[in-house]
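Reader: I've got the model open and want a close look at a single part: the biggest pocket and the packing that goes with it. Take me through it slowly, with the cut-offs spelled out as you go.

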Amino acid sequence: MSGKQENQKRIPVEQAKINRCIGWLTISLGLGLFYALALAFFISLNLAMPDLNLPELVRSMLILVWALGKIGFAFALICLYQATGYTKWAIAALLLAASAVMPYVLTNPDSQIFVIGIEALAITALSLSLFDIGKASQSDLGVAAGMIFMGVILQILQNALMAYVGIAFLAMGFYLSLKRLWVQPKAK
């Protein structure tokens with residue numbers, strides 16, 4: 001117990017730094033929310049009009065927005081790791097950064113299962129990190145983190161309808177997280 005207390009004494013937690021980390025997190029949640037809503041819109045268009053093809057530029061822009069959101073999540077979690085010393089946030093940040101880069105590096109169709117697996121691990125790590133951030137900041141992020149996790153699970157099922165429901169869960173999880181983190185600093 002005393003070793004743990006010494007470790008906590010050596011790691012100074014600066015509130016200004018944590019606020020900056022939460023700032024990165026809220027920006028990334030906003031990007032994630034935009035991505036999820038746009039993707040849900042395009043999936044619903046595709047379900048309603050199966051012959052409609054999404055232009056390649058729109059697809060590329062959505063992938064870029066999502067990659068920037070994941071890089072922002074990685075920055076926020078690395079920042080929180082530096083402020084607190086929780087190693088699991090650094091591991092989640094590495095997974096998020098890897099999942100942001102993988103679609104651009106592994107373009108071979110045979111490697112897409114690996115890209116999807118890293119993506120699922122990264123978003124699951126993000127949802128667990130949000131749950132931990134909610135416990136640490138005493139804000140209720142448990143439901144939002146659970147919705148993000150369920151969104152990942154439903155997207156893995158490779159069914160258009162389940163992917164739509166998964167994206168809707170992801171959007172609701174990002175929205176609830178953003179709402180909780182956005183309101184929290186003003187309440188103090």
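Author: Let's fix one term before anything else: two residues are in contact when heavy atoms of theirs lie within 4.5 Å. What you're looking at is a predicted model, where local features need pLDDT of at least 70 and side-chain atom pairs count only at pLDDT 80 or more, while totals for chains, interfaces and linings use all residues. Numbering runs from 1 along each chain as its sequence is written, and side-chain values use heavy atoms, with hydrogens and water left out.

The overall frame is quick to describe. The chain has 7 helices and 0 strands, both being DSSP runs numbered from the N terminus (helices are H or I over at least four residues, strands are E over at least two). Along the sequence that reads α-α-α-α-α-α-α. Of contacts between residues at least 6 apart in sequence, 66% join residues at least 24 apart.

Now the pocket. Rolling a probe the size of a water molecule over the atoms shows where empty space is left. Here the search runs on a 1 Å grid over the protein atoms alone: a cavity is a set of points where a 1.4 Å probe fits but cannot get out, whereas a pocket is an open set with protein on both sides within 12 Å along at least five of seven lines. A residue lines the pocket if it has an atom within 4 Å of a point. Points are joined across faces, edges and corners, and the volume is the space filled by probe spheres set on them. By that recipe the largest pocket comes to about 1200 Å³.

Its lining takes in 35 residues, and Y35, L39, I43, Q155 and I167 lie nearest the centre. Which helices supply at least two residues each? Those are α2 (15–48), α3 (56–84), α4 (87–105), α5 (112–137), α6 (142–156) and α7 (160–187). Helix α2 gives the most, with 7 residues. By type, the lining splits into 25 nonpolar, 7 polar and 3 charged residues; nonpolar covers Ala, Val, Leu, Ile, Met, Phe, Trp, Tyr, Cys and Pro, charged covers Asp, Glu, Lys and Arg, and the others, Gly among them, are polar.

Next, the packing. In soluble globular proteins, nonpolar side chains tend to be buried together. Buried means under 20% relative accessible area, exposed over 50%, and partly exposed in between (1.4 Å probe, protein chains only). Of the chain's 188 residues, 38% count as buried. A nonpolar core is a set of buried Ala, Val, Leu, Ile, Met, Phe, Trp, Tyr and Cys residues joined through side-chain atoms within 4.5 Å. The largest one has 42 residues, and L25, L29, F73, L77, L96, I133 and F174 touch the most other members. Helices α2, α3, α4, α5, α6 and α7 each put in at least two residues, and α2 gives the most, with 11.

Zoom in on F174: beyond four places in sequence, its contacts are L29, G32, L33, W66, F73, L126 and I148. T26, in α2, counts as buried because its 12% is under the 20% limit. With the same four-place exclusion, T26 touches L178, L181 and W182.

Two buried residues with polar or charged side chains are worth a click. K70 sits in α3 at just 2% relative accessible area, so it counts as buried; past four places in sequence, K70 touches L96, S99, A100, E119 and I123. S129, in α5, is buried at 3%, and beyond its neighbours within four places it contacts L77, W89 and A92. S129 and L77 are 52 residues apart in sequence, yet 8.1 Å apart C-alpha to C-alpha.

Finally, helix geometry. The expected span is 1.5 Å times one less than the number of residues. For α6, 15 residues should span 21 Å, and the end C-alpha atoms are 22 Å apart, which agrees. Its buried residues are A144, A145, M147, I148, G151, V152 and L154, and just after α6, Q158 takes a positive phi of about 60°. The 29 residues of α3 reach 42 Å from first C-alpha to last, close to the expected 42 Å, and G85, just after α3, has a positive phi of about 85°.
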